Amino acid sequence: MRTFPFDEYGVLYRDRAVGVGWTSTQLARAVHAGDLLRIDTGTYAEAVPRPPADLHLLRVRAALERDPGLTFTHQSAAVIHRLPLLTPDLSLIDVVSARRARRRSLRLRAVPLVPEEAIVVDGLSVTSLERTAVSVACTSPMGFAGALTVFDGALSQGASRQSMTRMLDAPMHGVAVARRALALADADSANPAESWSRAQMIEGGLPHPRLQHEFYDANGFVARSDFDWDGVLVAEFDGYGKYEDYNIYGQTPIDVLKREKRRQARLEDLGVDIVRLEWLHLERRLVVPRIKPRLLRLGLI
């Protein structure tokens with residue numbers, strides 16, 4: 001059986017496929033049959049499940065193949081840097097404004113770059129980690145929560161808070177929100193769900209929680225909490241990732257649930273009150289209503 005001539009990144013270009021004997025009709029049939037996914041004009045990838053960021057990265061590489069002079073910025077740069085994004089729109093590819101780039105799949109961005117803010121990551125010309133975080137923070141449709149998420153991620157990768165603060169000295173759209181988010185950003189935030197949870201806590205006027213605190217009992221390590229207040233109240237985000245991580249060790253879903261119940265019981269034996277958060281609570285802005293009554297009851301506010 002003939003195989004498609006994908007490049008090293010898993011991208012298939014129609015002109016190259018035709019050059020080795022495939023026809024446009026055969027490619028169209030492969031798309032219709034679910035074997036190929038059309039990712040842009042004349043560009044395909046294997047039709048397999050993949051995270052939106054991974055698919056966007058394929059589109060970025062395809063765009064660079066057509067326009068070798070592109071420099072990527074904003075959300076596309078964030079994908080390249082593997083920065084966390086809160087509910088991103090990856091339908092277009094963000095590039096630094098250039099007169100030569102006129103494809104419909106590209107979104108031109110005016111970025112005040114200095115030479116050291118344009119770097120190469122995995123063969124792609126991209127804005128620096130700090131400039132990318134600032135650009136995303138100032139334009140996130142999620143406002144403060146989106147800005148906090150990307151700054152948390154940038155700091156966790158070693159970005160310079162000082163450099164980003166200096167960039168935010170310049171007047172630009174969204175800078176006030178970005179400045180506030182950077183001042184409160186924390187490298188210990190583990191993922192977008194935790195960042196969004198913390199953003200709602202901040203906006204709701206709750207006391208700032210401690211992040212990633214480790215609890216121990218007489219038998220040793222018990223847990224590392226997502227959030228805690230004075231070691232008395234813990235808030236945990238129940239995302240699927242937590243359970244998937246356990247499954248790499250060959251555990252069944254029942255094993256995982258039992259492990260979580262033992263963990264919670266040991267925390268409760270230490271006198272810790274626990275409130276659990278889910279993605280639905282974030283979407284419906286229920287984080288503060290779930291936590292505030294516990295803080296009040298425990299005398300923490």
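**Two helix pairs**

Visitor: Is the crossing of α9 and α13 left-handed or right-handed?
Guide: This is a predicted model, in which local features need pLDDT of at least 70 and side-chain atom pairs count only at pLDDT 80 or more, while totals for chains, interfaces and linings use all residues. Residues are numbered from 1 along each chain as its sequence is written, and side-chain values use heavy atoms, without hydrogens or water. With the near helix turned clockwise from the far one by less than a right angle (anticlockwise would be left-handed), the crossing of α9 and α13 is right-handed.

Visitor: At what angle do α9 and α13 pack?
Guide: Helices here are DSSP runs (H or I, at least four residues) numbered from the N terminus, and α9 covers residues 192-203 while α13 covers residues 287-297. Their axes, lines fitted to C-alpha atoms over the stretch in contact, lie 9 Å apart, and on a scale from 0 to 180 degrees between N-to-C directions the angle is about 65°.

Visitor: Which residues of α13 make the contact with α9?
Guide: The residues of this contact (heavy atoms within 4.5 Å) divide into four nonpolar, two polar and no charged. From α9 come S197, Q200 and M201, and they are met on α13 by V287, V288 and I291.

Visitor: How are α5 and α6 directed relative to each other?
Guide: Helix α5 spans residues 129-139 and helix α6 residues 143-156, and their axes come within 8 Å. The axes cross at roughly 170°, and angles over 145 degrees count as roughly antiparallel. The two helices, α5 and α6, are therefore roughly antiparallel.

Visitor: Which residues of α6 meet α5?
Guide: The contact of α5 with α6 divides into nine nonpolar, no polar and no charged residues. On α5 the partners are L129, A133, V134, V136 and A137, and on α6 they are A147, V150, F151 and A154.

Technical notes: Angles under 35 degrees count as roughly parallel, over 145 as roughly antiparallel, 65 to 115 as roughly perpendicular and the rest as oblique. Ala, Val, Leu, Ile, Met, Phe, Trp, Tyr, Cys and Pro count as nonpolar, Asp, Glu, Lys and Arg as charged, and the others, Gly among them, as polar.
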